[in-house]
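Here is a short briefing on aromatic rings and the contacts they make. Have a look at the structure first, then read on.

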Amino acid sequence: MTSGSFRSSYRPARVAVLFFLVVALFFYGSLVWTGVISMTSSKLLPVYNFVGFDQYSRLWSTDRWIVSLVNMVIFGVLYVVVSMALGIFLAILLDRNVRGEGVFRAIFLYPFAVSLVVTGLAWRWIFEPAQGVQAIMRGFGFESFAFDWLSDPERAIYTLVIAGVWHSVGFAMIIVLAGLRGIGSDLWKAIRVEGIPLWRGYLQIILPSLWPVVASAVVLLASDVIRAYDLVITLTKGGPGFASDLPAKFAVDHFFGRANIGFASAASILMMLLVVAMLVPYFWAEYRAQKK
Amino acid sequence: MKSIHLRNVSKSYGATPVLSGINLQIEPGEFTVLLGPSGCGKSTLLNIIAGLEDPSGGQLLIGDRDVTTAEPADRGLAMVFQSYALFPTMRVRDNLTFGLRIDRTPRAEIEKRLKWVSELLQIEKLLDRKPGQLSGGQRQRVAIGRALIRSTDVCLFDEPLSNLDAKLRTETRVEIKKLHRDLGTTIVYVTHDQVEAMTMADRVAVLSGGKVEQYDTPQAIYDKPMTRFVAGFLGSPSMNFLSGTLVAENGLRLVRGGGDLDLSGYEVTNGAPAGEAELGIRPEALRLTAPGAGRLRARVESIDLMGADRILWMSVDGRLWSVRVERDRACREGEEIGLDFSAAAASLFSRDTGARL
Amino acid sequence: MSATARRPDIGTIGLYAFLLASAVFFLLPIALVVVNSLKPMDEIRAGSLLALPAAPSFDAWRMAWSEACSGLDCNGISPGLWNSVKITIPAVIISILFGALNGFALTEWKSGLSNATMFLISVALFVPYQSMIYPTVIMLSRVGLFGTYPGIVAVHVIFGLPFTTLLFRNFYLGIPGEITKAARMEGASFLRTFFSVILPMSTNIILVVAILQFTGIWNDYLLGLIFAGNDNMPMTVQLNNIVSNTRGAAILNVNMAASLLTALPALVVYFLSGRFFVRGIAAGAVKG
């Protein structure tokens, strides 16, 4: 019998380990390195003089970081909640044997295929007072109509929410719709036989049975929040001032724009901790569900 | 043709033992069936022979060669799977010749064997179809063809008939048996179907709880089961049992609530039988007698018509027994009746160990 | 639902009203951009964004394509298109190959370690890019790939590896184990099994991953910005440079045309792929 690389060797472990080393190096290696650097006073270039948790305590006394964190909470909660709520609602509507379902679905989902860069720009033009909503309303005769959230430090963050929701509702909808379509007709028959009103059927029977689907959609949307960079850059540029800054932009700015690597690393590590805090309950719930 | 020799083979997943101390000597050209209920370890054992799983301990020889750690492809065997496992994107032709092409067999040789195997199995017309375009029976033939084409010394079958309907199953059974007779390949065949085991095997290994209970010819296993498990597992309806205490003085007797049962004439297998035991009698080994005439009293509970014969279900000592009788034998439900049997056709098992006495 | 009740009730009207209103919300932003990209600049200044163009013209599109300025260069967005194409296509193909191979390897590797590996790969999916970018810059610089064409392709492939692996693995878990066992019995090696048996069975999932990776990589901004270097800058980065060009007044219609040109390829893929895109999203949602 001959023996060559295409014969007699069935060793998937080698391939898997090889690829895992790449993932480990770039993902986990990077995390470790960033963790180390966050403990140093590195500025323009990485240096290894350790300063303990100085960078972290500096972060907590930096207004811009606090603002970006608060923004992340505001943006994150609203983005996830509104996207999910609207997504679930639209999915339920489309599941009611709607005519032209395919067309509606395509319209609701297409923003997901539009880059966040273009999304941000399109909404900026809409929010810009010079030609956007304000100008349009004034054109209709409401001379004193004012809509200037982009330059309002209190409200700029909400423009991000609107654009983000526009981008992601379709995504939430599709996931929930897939879940709804997976529900057996027996459950529906039972609901009808029992004479349960439609809205109660959805609220108390159908949606609870979809919770794994909803949970994974929430986790995916939440991970968008932490990675959201493109949208801020194009829509508000973090402004006015740093009123609509997000940690994702804060970290990149300090890595590259402001050459403050140690500081930026500390911010990235805190971002990772936020992710972990979000994932632990999710994985734990999945693990529990699998055990049952 | 090659022999297969398993020496003390064991397998466990973590702390869960699946197989322990398996010893089998399968002769060259022999058709061996591994029979047992689901979860008994028979498929694991087959996978270990195939090399798809590694044993946790023990040794495996095919022919004279120790192949315990050899790659499946280097063991010189072929396998037919339960789901057929045809490669769905390849035509039948390519499915059949895949292994030969990997071995870089010369093209002329491949064509020759393809012709031989497709004629043998009458699948010449299917060669250019994809598996998705075949019926279950056709897929089965292709799967067998793929195993035969390489003319290996050993062929393994993993419940190959369980996805076929009853009629096709019987036909294919006959056909596999014929192929074995013509080709003489050593076959190891896993099934949970005792009819397949009884009709096809030269020898049957009955497995339970990861152990070989008995390895013998189908007839021996049926007539002289060596353990209580084998006795209960084979036969339909299954063997009838009665428990009591064995006493050896003044001829072998089973002492029980309903009086002593004379068992003189029983061929003792192991030592001097005594103590708690179970008596087993096959449904066809029982004779109906007038009430009070036989050694046992019974009451007919229900009657199953089987066509060729009839099964009477009756209560004996509070247990439900079955008796096979010719179809003309008159009787009715509720009738009190006597039963008798020849002690030589009965089996005795220890209550403690389950071993034949 | 019943054929007799044809008269629409209040609920049905409400349902369609809400769906139509939603459709307007989702269509409006892009529709406005399309409409205004067809107007000359004076018309935009004079009228409102809502007004239809008096005389639609593709002048702004032409400008956006070949004349718009980013920084000192005034070559339009067309160089970016070519850069995006040459980054996206190899990155998608290699991602598919690696993801499929790794996903299959993890399915076939039966061991507790395999599950642990899969767990770590799933978690990697959520690692913020911000904590990976700088170390990756350093690693690529060491091997001379930072800011180069192979560098940006590699970054997309590597950063996408957990995602593609996961999608393929979930698909391969559904393939009966007996198929690969059969291939092994026939003497096929792991790689031979993968290329001859498994990959031809994977057309559906390949399409799904191809679509998701294509839109993902095409729409990427951050990685392109940092890793591509000036010569390979993808379209999204060039778009943002053109739009944020501060010299002179914003040329809105040109900027809008440039945005549309950037969005177009991903949208075309989206509308052509139909159910595969939807299926891909549903498949991607079963992470973890």
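Is Phe256(A) buried, partly exposed or exposed? In this predicted model, Phe256(A) has a relative accessible area of 32%, so it counts as partly exposed. Aromatic contacts are the topic here: 43 aromatic pairs are found over all chains.

**A tilted pair in chain A**
- Phe255(A) pairs with Phe256(A) in a tilted arrangement, with 6.1 Å from centre to centre and 50° between the planes.
- Phe255(A) is buried because its relative accessible area is 4%, under the 20% cut-off.
- Phe256(A), at 32%, is partly exposed.

**An edge-to-face pair in chain C**
- Phe104(C) and Tyr172(C) meet edge-to-face, their centres 5.7 Å apart and their planes at 75°.
- This pair links distant parts of the chain, as its two residues are 68 residues apart.
- Phe104(C) belongs to helix H4 (residues 78–108) of chain C, and Tyr172(C) to helix H7 (residues 149–172) of chain C.
- Phe104(C) has 2% relative accessibility and therefore counts as buried.
- Tyr172(C) is buried too, with a relative accessibility of 2%.

**A cluster of rings**
- Ring pairs join residues of chains A and C into a cluster, whose members include Trp123(A), Trp149(A), Trp166(A), Phe25(C) and Phe26(C).
- Tyr110(A) and Tyr158(A) are also among the members of this cluster.

**Arginines over rings**
- In chain A, Arg58(A) places its charged end over the ring of Phe263(A), 4.2 Å from the ring's centre.
- In chain B, Arg295(B) lies over the face of Phe341(B), with 4.2 Å to the ring centre.

Key. Residues are numbered from 1 along each chain as its sequence is written. Chains are lettered from A and ligands numbered from 1 in the order in which they are written. This is a predicted model: local features need pLDDT of at least 70, side-chain atom pairs count only at pLDDT 80 or more; totals for chains, interfaces and linings use all residues. Side-chain values use heavy atoms; hydrogens and water are left out. Rings of Phe, Tyr and Trp (its six-membered ring) pair if their centres lie within 6.5 Å; planes under 30 degrees apart count as stacked, over 60 as edge-to-face and the rest as tilted. Buried means under 20% relative accessible area, exposed over 50%, partly exposed in between (1.4 Å probe, protein chains only). Helices (H or I, at least four residues) and strands (E, at least two) are DSSP runs, numbered from the N terminus. A charge sits over a ring if NZ of Lys or CZ of Arg is within 6 Å of the ring centre and within 35 degrees of the ring normal.
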